[in-house]
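Reader: I have a protein model open and would like to learn how to read its features. Could you walk me through some of them?

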Amino acid sequence: MKARFLWIALAAALGACDDNTATLGILEENDQITSSYSQFQMKTTTLLVDSVPAINGTCYLGQVTDPETGTRITADFLTQFHTMENYKLPKKEQMNQDQYGKVVADSIEVRLYFNDFYGDSTNLMKLSVYELDTLNVVKEGTEYYTNLNLKQFVNPLRSAPIAQKVFTPRDMTVDDGTLDGSNYYHNVRIKLPAEYGSFILNKYYENPDFFKNSFEFTHHVCPGFYFNLTQGDGTMLYLDVSAMDVYFTYTDQDSTMTGMTRFAATGEVIQGNRMDVKGCESLLQSALNSSHTYIKTPAGLYTQLELPVNDIYRNHENDSVNNVKITLNRYNDFNTSNYALGIPQTLLLVRKQDMNTFFQEKKKVDNITSYVTSFNMNQYAFSNIARLISHCRQEKMRGMSETGLSEAEWEQQNPDWNKAVLIPVTTSNSQSSSSSSQMWLLDMKLNSVRLQGQNQTIMMNVIYSKFSR
């Protein structure tokens with residue numbers, strides 16, 4: 001009885017993460033569960049992706065030449081602005097007006113807020129700000145990618161920049177005590193023409209319904225701006241939020257008051273990134289003859305895994321695949337630059353065919369077709385992807401049955417059926433700590449890692465179990 005109990009306990013331990021329930025049932029007196037262990041070679045390659053989904057919770061602004069590879073990354077963005085429901089301004093007769101009865105704004109500015117950046121804080125940068133077009137608005141539900149030409153959304157009647165700004169990430173106009181204080185939110189302040197602020201205010205008095213929600217505001221008042229970097233190399237800002245502030249003067253009883261109305265770029269409106277990467281093609285060619293693969297963001301180099309599904313099931317067609325573990329070791333970076341790129345802290349393993357829709361459709365990690373792991377002990381380890389292996393095989397068997405194709409024919413028509421991709425990810429700050437409920441976002445910060453692979457063997461460890469009598 002003790003021996004039989006140990007076999008049952010072993011089965012429970014091995015099968016805890018397996019989705020194959022075909023072998024579950026009542027154990028008879030002579031039933032036993034035996035296990036076996038095998039290793040298989042897994043092929044990895046570097047995958048060049050020319051663009052990724054552009055809509056992200058973070059906006060990027062800057063240009064950096066990768067000190068390790070010489071790859072140059074330039075990033076700029078566009079954003080719309082959100083207006084609160086039940087939006088109100090003081091009555092028009094209270095507002096400061098010109099001789100023609102038009103409301104006059106005192107000033108207007110845009111602030112780009114950030115807590116993090118890459119590079120030299122004193123590096124000089126210059127940007128141009130373009131007004132977008134109310135007749136060609138960036139639309140929700142449309143798939144935009146980071147190779148998108150953002151200038152196509154600029155107002156053709158105002159093709160010149162509405163403003164320009166020369167700045168450094170560390171604002172030299174603010175004293176060090178304030179800059180280093182815990183309550184200071186680093187930002188780039190961009191003054192717009194006061195006339196544009198007057199235009200916004202008068203739109204409200206023309207029709208308050210233009211301000212009742214973000215859709216109306218974007219289509220009738222302010223469609224947003226395109227922020228285009230025109231000078232600077234060596235710095236990349238990771239922007240958390242942008243805000244447009246309009247200042248005005250009004251009267252309240254017998255007092256003259258100064259007012260401010262704010263429109264923020266938040267998750268309720270679209271913020272789109274453009275990434276221009278130079279030099280990835282030559283880097284990809286050099287990787288073909290190496291013993292490593294790359295993961296580089298936002299350059300769009302990912303590591304692709306070719307899962308040996310056929311090998312795993314050969315001579316094990318009736319066994320349960322209980323555990324499949326893979327470990328990818330990182331090669332140390334010997335770059336001596338003061339501004340070496342970061343190491344991706346979290347990787348998503350997702351089927352290649354789902355690599356874009358995973359983010360577009362805001363899917364959750366299901367531990368079947370997608371997994372996450374963290375950087376630890378100079379490696380990335382996925383402790384058990386058995387359900388992915390099983391899913392791929394079942395998909396192939398079902399596809400062959402439905403189409404009548406041979407195994408070779410079906411695989412030729414579905415070349416990515418057993419391929420997965422490793423992609424750096426991060427989470428929305430508003431999400432809970434539970435990975436099952438987190439919304440995963442592309443991590444497009446400047447990260448780089450070299451992993452053992454390409455022309456060097458990666459081993460996959462597999463544990464099987466089966467009934468025997």
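Author: We will go from the overall picture to rings, helices and backbone angles.

Author: Please keep in mind that this is a predicted model.

Reader: Happy to. How many helices and strands does the protein have, and what share of its residues is buried?

Author: The secondary structure comes to nine helices and 21 strands. Of the 469 residues in the protein, 47% are buried. Contacts tell you about the fold as well: among those with a separation of 6 or more, 80% are between residues 24 or more positions apart.

Reader: Now the rings. How should I describe a pair of them?

Author: A pair of aromatic rings is described by two quantities, the distance of the centres and the angle of the planes. Here the structure holds 22 aromatic pairs. Take Tyr60 and Tyr238: their ring centres are 5.7 Å apart and their planes stand at 75°, so this pair is edge-to-face. Planes over 60 degrees apart are what that label requires.

Reader: Which parts of the chain does that pair tie together?

Author: Tyr60 belongs to strand E2 (residues 59-65) and Tyr238 to strand E9 (residues 235-252), so the pair ties together parts that are 178 residues apart in sequence. Tyr60 is buried, at 3% relative accessible area, and Tyr238 is buried too, at 5%.

Reader: Which residues do ring pairs link into a cluster?

Author: Phe77, Phe81, Tyr196, Phe199, Phe225 and Phe227 are linked that way. Phe199 also has a charge over its ring: the charged end of Arg158 sits there, 5.9 Å from the ring centre. For another case, look at Tyr313, where the charged end of Arg393 sits over the ring at 4.3 Å from its centre.

Reader: Let us turn to helices. What should I look for along one?

Author: An α-helix has 3.6 residues a turn, so residues three or four places apart point the same way. Try helix H5 (residues 280-288), whose buried residues are Cys280, Leu283, Leu284 and Ala287. Seen down the axis of H5, these fall within an arc of 100°, so they line one face of the helix.

Reader: What covers the buried residues of H5?

Author: The cover includes strand E1 (32-48), strand E11 (271-278), strand E12 (292-297) and strand E13 (301-306).

Reader: And how far does helix H3 reach from its first C-alpha to its last?

Author: H3 (residues 194-206) has 13 residues and reaches 18 Å, close to the 18 Å expected at 1.5 Å a residue. Its buried residues include Tyr196, Ile200, Leu201 and Tyr204.

Reader: I would also like to check the backbone. What is the usual pattern?

Author: Most residues other than glycine have a negative phi, and most peptide bonds are trans. In this model the bond from Thr297 to Pro298 is cis, with omega near 0°. Pro298 is placed in the loop between E12 and E13.

Reader: Where is Asn86 found, and what is its phi?

Author: Asn86 is in the loop between strand E3 (72-79) and strand E4 (105-119). Its phi is near 60°, a positive value in a residue other than glycine. With 70% relative accessibility, Asn86 counts as exposed. Asn367 likewise has a positive phi, of about 55°, although it is not a glycine. Asn367 is in the loop between helix H7 (357-360) and strand E16 (370-374), and is partly exposed at 40% relative accessible area.

Reader: Is Gly224 buried or exposed?

Author: Gly224 counts as buried, at 0% relative accessibility. Its place is in the loop between helix H4 (214-220) and strand E8 (225-231). Not counting residues up to four places away in sequence, Gly224 touches Thr79, Gln80, Phe81, Tyr130, Glu131 and Leu132. The C-alpha atoms of Gly224 and Tyr130 are separated by 8.6 Å, with their positions 94 residues apart along the chain.

Reader: One last loop: where is His316 found, and what is it in contact with?

Author: His316 is in the loop between helix H6 (309-313) and strand E14 (320-331), and is buried with a relative accessible area of 16%. Leaving aside neighbours within four places in sequence, His316 is in contact with Ser36 and Tyr464.

Terms used. Residues are numbered from 1 along each chain as its sequence is written. This is a predicted model: local features need pLDDT of at least 70, side-chain atom pairs count only at pLDDT 80 or more; totals for chains, interfaces and linings use all residues. Side-chain values use heavy atoms; hydrogens and water are left out. Rings of Phe, Tyr and Trp (its six-membered ring) pair if their centres lie within 6.5 Å; planes under 30 degrees apart count as stacked, over 60 as edge-to-face and the rest as tilted. Helices (H or I, at least four residues) and strands (E, at least two) are DSSP runs, numbered from the N terminus. Buried means under 20% relative accessible area, exposed over 50%, partly exposed in between (1.4 Å probe, protein chains only). A charge sits over a ring if NZ of Lys or CZ of Arg is within 6 Å of the ring centre and within 35 degrees of the ring normal. Contact means heavy atoms within 4.5 Å. The expected span of a helix is 1.5 Å times one less than its number of residues. The arc is that of the directions from the helix axis to the C-beta atoms.
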